Each structure stands twice: as C-alpha cells, then as structure tokens.
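Work through the exercises below with the sequence and the coordinates open. Each task is followed by a stepwise solution.

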Amino acid sequence: MADARVTMEVGNDAVAIITICNPPVNALAIPIIEGLREKLTEAMTRDDVKAVVLTGNDGKFSGGFDINVFERIQKTGDISILRDVSVDLVVNVIEDVKKPVVAAIEGLALGGGFELTMGCHARIAVPNVQLGLPELSLGIIPGFGGTQRLPRLVGLSKAVDMMLSSRSITSEEGKKHGLIDAIVPSHELLKASRKWALDIAGRGKPWIRSLHRTDKLGSLSEARDTLKMARQQAKLTSKDMPQHHACLDVIEEGLIHGGYNGVLKEAKIFKELVLSDTSKGLVNVFFAQRATTKVPNVTDLGLKPRPIKKVAVIGGGLMGSGIATALILSNIYVVLKEINSEYLLKGIKAIEANVRSLVARKKLSQDRADKALLMLKGVLDYSEFKDMDMVIEAVIENVPLKQKLFSEIEKACSPHCILASNTSTIDLNLIGEKTRSQDRIVGAHFFSPAHVMPLLEIVRTNKTSPQVILDLMTVGKIIKKVPVVVGNCTGFAVNRTFFPYSQGAHILVNLGVDVFRIDQLISNFGLPMGPFQLQDLAGYGVYVATSKEFSSSFADRTFQSPLLELLMKNGRNGKNNGTGYYIYEKGSKPKPDPSVLPIIEESRRLTNIMHGGKPISVTDQEIVEMILFPVVNEACRVLDEGVVVRASDLDIASVLGMSFPSYRGGIVFWADTIGADHVYRSLKKWSEQYGNFYKPSRFLEERATRGIPLSAPASEISASRSCL
C-alpha cells in the first residue's frame, strides 16, 4: 500500500495524464479513490488543462475496488469505511464535468475499474483487454454506476448476461458492442487517447455521457420482458444468491426512473449487500483461495519451481484419463501407461472423449483440441520413464499394488523425477515404504472428474522435500487447479473431513428418517445433491472400500451400516446400472425408487438402533445439522492435528472439492457463523443419545467453552503437533 498513489502530468498539448499506481493490479484502495478525486478536481480547475486521459500503471488499468476493504467492513460492521464513489467521483468529478475525460485501457479493467471507464466520455483500448463486472461473484452488485451505464453502452440483454454471469469480455468484443471506441496498439495508446480527448474538447468527436444515453435500451416493455426472463433464470440457477435479484431490481429502477435514480438505488443496495451473509461467505472463499499460495517452509524459502514438461500417468481409468486430459490441455506432454493394449486403448479413448466433450460444449476450439491430443502417447512399459519430470500413479486403492509400482518407477525414473500418487485415502508412508526416495514422494489427489474439478490436494509426508511441493503447486496452477497443501493421514484433509457426511446420513436412515427427505434437505442447504444420490452417482463399491479405510483408522467414531451391502446384494449399483435409491432413465431426472424401501427396512432391522422400534422425530434443521455437524467436528480434529496450514484451507477445499455452497463460506466459516457453542452442545446431546459418532472433539469443546472461533489460528501446543 506504500506504493499506492495517483499521479498527474500535463503535456504541452494541454492534456493531463492521470495514472493509477497501486501494484500489482492497480486496485482502487481508499487512498487511490481519494487521489483520483483530488487529481481530477485539480485538472478541472487548471487553465493549462483542456482534457484528461485516465489510465493505469504498468500495463493494467485497474483490477477493481480493493477487496480488503470489504473484509474490513464485514469484520467491523462499520459501513462508513466505504466512501461514496458512484456520485461523488464518477458522476460529479468524471462524467458531468466541463472537460472531457478519456479512459486509456490496457490489460484489464474489472469491477470498479471498469465502472470508472464507463463514466468517462470515451474508451480507447489495446487488443485483448479484459473487461467485466465480477461483483456478483462476491455477493454484491456493481457499486460505482455499472448497473446503469453498462446497459446504456452495450444494450440491456448483453449487460444483464455480463453482470449475472460475472464473465468478462475482450476489448474486441467490447468494440463490437459499442463499449470501446477504438482499439490501438499498446505503443500508440496514450497518443491516440490524448488526440481523442482533444477532439472531444474541440467538438470534433461527440461528448457522450453514458448515464444519459437511452438509444440502446429499447422500449420499456421489451426491457421488462428481458428482466423477467433473467429473474426466472436466476431463480433456477442462483436461488440462494440475493445479489442476482437485487442487481435486476436496480437495473429496472434506472430504466423506469432514469439513470441517476438508478445510481442512487445502486449505492444503497450495494452497501446493504456488503454486510450480507452471502457476501461474507463469498469474500471468505476469495481470500481462502488466495491464501493457498502461501505455504510455510515451502513458498518462503526462496526456491524456484523447476519446469515440469513431461509427465507419465500410470492407469488410464476414470481418474488417470482425467488427469492426463488436464495435463495435455495445458501443453504438458503425457505418457499414459497401462498393463495391456486393451486397457491402454480404453484410456486413450476416454481422454479423446473428454477433449471432444469440451469442444462440443464450446469450452475448447477444435484447433486447441487437436494440438492437445498430439501431446499424448500410450505405452505398455517403463522405457520412456527415464525422461519424465513427474510420474502420477492413478491405479485402484490397493496397497501392495501401489508399493510394487513405486519400487518399479523409482528404478525406471531419473533421480530428480517426482513420484506422485493420486490415492484418496491411503497413507503415503505406506505407499513409499519400499523405496529409498521418500523425499520425492508426494500425494497429487485430484477430484473426479479430474479435468473438470478445480481442486488439487497436495499431500506431503514428513520426508517430502519443499522443492517437490513447490513444483507440484506450480503444475497445479498451470493446469488451472487450486492447489491446497495438506498433511499425510488417512483421507488427508478433504475426504477425512467429509467421511462423517455419508455416515451421519446412514445413522439417520437407520433411525427411521426417510432417505429422500434427507437428500432433499441437503440439496436445499446448497449442495448439488444429497448423500444418497451422491452414492448412486459414485457407485457403492467406492463407498464400501473407503468406509473400510476410515473404520480401520477411526474405529472409535465410525458407524457400520449394512445398507450398501444389502443394495449390492439386491443387484443395485446406483447410476452405473440404473438402479439404486433412485431410478435412472436416459433423458429424465433421477426418480425416487419406492422398491428400495423394503431394503432400507431390512437395514434398520439389522442395526436395531431405533428406540422401541420407532423412528425418531426430527425437524428439517436437525437433519441438516446431524449430517453436517459431525463434518465440522472432524474438521476440528484436522485443524487440531495440523493437517492443514490454516482453517481457510479447509474452507476452500470443501467448496472446490466437495461442492459445499460457496455462499456459505466453506465448512469452518459456516460453523463459525452458527457458533461453536451451538455445534458443541448439539453434538454432546446426540452423543449421549446415539453414541460416540457424535462425540465432540477436544478442539471443538475447547473453542466452544472459551468462546474462540474455530477459524482462529491454532495454539502453540497444537502447532507443535503439526504433521505439516
């Protein structure tokens, strides 16, 4: 922040160049906003200034308003920190002044930065500038006039799409829609912008105040139809996101009562939304993701990442083919190894299908797809492994098999090659037990489908070298994943934290609660689907196998439910064969299968945990809490043991790896909003009624009784036990 400043230089042509300087992205921090107001006011009063060009330093206009300010407001509740920018700066000091202001845009103009440019009288950009209003992804709406000016510059339909999706467009697309007045080479940007500003001042070019434009808005009835459709879409896709409906309401205010009234309503709603629970959750997720780049004893050692250009993937099944797809799409050469030609062909076809699917969904051009597939080679032996920078093992969860493979690849690879396993539960020390290269062994746990899911869980043992961790973090970023570094234990951070999720659901079912009610309530809470539909989707074998791992490691708090074994005995395997808890028919949504109910009754008879044989009576809220509070409890153990660097790592991992609703801020953040005391007292009560599965952890008890948030940094005692 010491480098944050706004500069002004007046040239011989009487054009003042006002520059935003706040590395790395010229964020609009409070001092920058004050500096802009000061310099623009000065330019308007100086006789030697005829026009102004507003630009950003170091090849970027501005990445938007400083999000640290939102975090400060949300922690203190003090909204007065947020000065008025929309009217005081954009309207009064840029748009409605007597001298023209032209925006000279390079690199990016996002959020508040983009809104500043729309308040200017013209916009000149270089090629490939990123333009957008991503505010809704933080639970707020544009607050510097964007809800009013963007529809007036690009048309209502395009503006609504840009705001509600938070997607940015390029300067080329902006030019096509009339948002950008001219695109010039980078070296000509200031020269062209100065000339344009002087032409406006001399009346050679139109002096356009975008807030006053109406030519692109269409009729009021057409506008209302557009907004009605957008509201219906928002109800379907963003039902728990109040900012979407608020944004549409504010746009409508401006359409009916004029742009200035729209700006006033926008400023009011913007301030209200900054303090909303949704915004607090989404801002926490934003900062949690940013924090993953800092790992003690790895990123602070001055190490430089080594280039990883060639990677071998062992196993072409669901996970292996997905991992290989992610790598080749990012221009990393992949050697896929399988045990025979049949399996190898299947693996290659799966990768090709993944790539084709992205092309079909317009996520990838055909040209890029063709180039990606040229980066893939299939092999049946280790002859090419000597040239590999990294090997990722992605075979079935079988300890002897993985030990054998690691002994083989240690011999086949060079001494610098990283030896990674995609295991989701098995202790890495066990996998690498028979090797001499334990400093090179690391977990690279992808989530299925690996080429789509954004989380990469990097698992380090006590012997994994910092260089290996840094290299894998770098690969994660290259392949567009969010790498979270965690410690080594059964299930690592994510799967371990969430193993009580399905177990809690099975306890409730065996206590007499309806399967489909549970799924509906968890879906209503914000997860994509409930625990039983998720089991249908993954296949029961996966759950049975992982449950055995967790039962072995955490015998004191696991629940043995016979339900999945009974379902498999009945010939069911979920979506894989079309029958599970639900019926799966092509082209239609899953439907609850009433014929599963006798199997559930048999499970209840075998477990015999219903008091007096009667189902328990629970509210909807209690059902959600009885499933998710045990997850919070396990998260507390993960924090206490130092499996993660910080609580926010579990937050971002729960959102990206387990699809925990982002607007709730992540599993630990959500628990803190409810209060550790309520979580603790609830679990204590249930443990007395239903057993050890619900027994509160020591960490939770300590935090609850002392009134300390679960997310607060661990004590020195906990830190000393850290497995990181």
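**Exercise 1: an annotated domain**

UniProt, in an unreviewed entry, places the feature "domain: 3-hydroxyacyl-CoA dehydrogenase C-terminal" at residues 491-584 and 623-703. The model used here is predicted.

Task: State what helix and strand content the chain has over residues 491-584 and over residues 623-703.

Solution.
Step 1. Residues 491-584 are 61% helix and 2% strand, with 30 Å between the end C-alpha atoms.
Step 2. For residues 623-703 the values are 73% helix and 0% strand, and the end C-alpha atoms lie 24 Å apart.

**Exercise 2: an open sheet**

Task: Give the strand order of the six-stranded open sheet, then identify its edge strands.

Solution.
Step 1. The order is β1-β2-β3-β4-β6-β9, with mixed pairing.
Step 2. An edge strand pairs on one side only, which holds for β1 (5-10) and β9 (182-183).
Step 3. Strand β9 runs parallel to β6 (residues 122-125), and two bridges join them. Two strands count as paired if there are at least two bridges between them, so the β6-β9 contact qualifies.
Step 4. One bridge can be assigned to residues: I124 has A182 of β9 as its partner.

**Exercise 3: the second largest pocket**

Task: Describe the volume and the lining of the second largest pocket.

Solution.
Step 1. The volume is about 890 Å³.
Step 2. The lining consists of 28 residues; nearest the centre are T237, M241, L282, S662 and Y663.
Step 3. Elements giving two or more residues to this lining are α6 (156-165), α9 (220-237), α10 (242-257) and α26 (647-658).
Step 4. Sorted by class, the lining holds 13 nonpolar, 11 polar and four charged residues.

Terms used:
Residues are numbered from 1 along each chain as its sequence is written. This is a predicted model: local features need pLDDT of at least 70, side-chain atom pairs count only at pLDDT 80 or more; totals for chains, interfaces and linings use all residues. Side-chain values use heavy atoms; hydrogens and water are left out. Helices (H or I, at least four residues) and strands (E, at least two) are DSSP runs, numbered from the N terminus. On a 1 Å grid over the protein atoms alone, a cavity is a set of points where a 1.4 Å probe fits but cannot get out, and a pocket is an open set with protein on both sides within 12 Å along at least five of seven lines; lining residues have an atom within 4 Å of a point. Grid points are joined across faces, edges and corners, and a volume is the space filled by probe spheres set on the points. Ala, Val, Leu, Ile, Met, Phe, Trp, Tyr, Cys and Pro count as nonpolar, Asp, Glu, Lys and Arg as charged, and the others, Gly among them, as polar. UniProt positions are given in the numbering used here, feature names are shortened, and annotations may be inferred rather than shown by experiment.
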